[in-house]
Amino acid sequence: MRAAGLLLAVTLCFAGAIGLVAQNIDDPEPVIRALVLAMYSGDVPSFEKLTLPHPQRSRLTAGARSSPDKLAQLKEYPAGLQVRSSRPLLAQGKPVEPAGDGRFPIGTTGLYVVAHGGGPMTMRVVKQSDGWKVDLRWWIAMTEMGREPPPGSPERAIRSLLMAMLANERGQAEALIADPRTLDYLFLGAPRQREPSGVLEANAMEMPLVEVGAGDFFALVNDRVVEGGSRADRKLIVGLFGPVEIPFDMRRIGDEWKIVAEPYFAYMNR
């Protein structure tokens, strides 16, 4: 009887979350909450309905099963599921307000930190014609972590640059940027002493990296907006450094990938 009651409560809660979306309340939070419910329920069809399609999406749902304890906790204390925005909603990389009908433009993105009785996870959402969807690309990239990035790859260059910056190895960092004259700009905001805990280094090595394409826009700290897209000599790769998006504008120079310098300490110290 208790199990049946719990299932009913979860079903009603899930339906309520979907209902909020159907009522044209243009807020990503109900979709985020509905996705957490789908994950706890092992509900693969709902998980797919609430997320953007991806060729490797099945990696995240293989062997899906319910988590009765988590479902019970959510039923007893719904406020325990905390959803916090980590940046403004952006359209083409710039802050945006809803239109007169209360809706945000297609392509608007948000970034949220979600926690429920454990470590937080970051969710990126994108407004689509049929509502908000969760962007799984960085979650899928996390499933590929643990392998050594090959020499000469953009990923190797990015991680090497951040580690050189955190160690204050200016010579090593200079060799990894597209224009050596921008070295001082790269180190803008650098601390006088190395942060001793190793947390920043761990985050630099563990952040998922995703190459983004045309139509993906990201804001830099100097208010410049960069658009994704891939050419033989250019890529835009975005890392999730905890709850912070870090865009890396890459250039192919000779046979090496180099990074257009940005004051990355401004991202890492947020």
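**Buried residues and salt bridges**

Visitor: Why does arginine 147 count as partly exposed?
Guide: In this predicted model, arginine 147 has a relative accessibility of 44%. Buried needs under 20% and exposed over 50%, so 44% falls in between and arginine 147 is partly exposed.

Visitor: What makes the contact of glutamate 155 with arginine 147 a salt bridge?
Guide: The closest N and O atoms are 3.4 Å apart. The cut-off is within 4 Å, so the pair counts as a salt bridge.

Visitor: Is glutamate 155 buried or exposed?
Guide: Glutamate 155 has a relative accessible area of 17%. That is under 20%, so glutamate 155 is buried.

Visitor: Which residue of helix H7 is about one helical turn from glutamate 155?
Guide: Arginine 159, because the two are four residues apart in H7 (residues 154-166). Arginine 159 also forms a salt bridge with glutamate 155, with the closest N and O atoms 3.2 Å apart. At a relative accessible area of 5%, arginine 159 is buried.

Visitor: How do you know that aspartate 135 is buried?
Guide: Its relative accessibility is 5%, and the limit is under 20%, so aspartate 135 counts as buried. The side chain of aspartate 135 meets that of arginine 137 in a salt bridge of 2.7 Å, N to O. Both belong to a network of salt bridges that also links Arg87, Arg124, Asp216 and Glu245.

Visitor: Why are the buried residues of H5 said to line one face of the helix?
Guide: The buried residues of H5 (residues 68-76) are Leu71, Ala72 and Leu74. Seen down the axis of H5, they fall within an arc of 165°, so they line one face. Asp69 and Glu76, on the other side of H5, are exposed.

Methods:
Residues numbered from 1 in each chain as written. Predicted model: local features only at pLDDT ≥ 70, side-chain atom pairs only at ≥ 80, totals over all residues. Heavy atoms only, no water. Buried < 20%, exposed > 50% of the residue type's maximum accessible area, 1.4 Å probe, protein only. Arc of directions from axis to C-beta.
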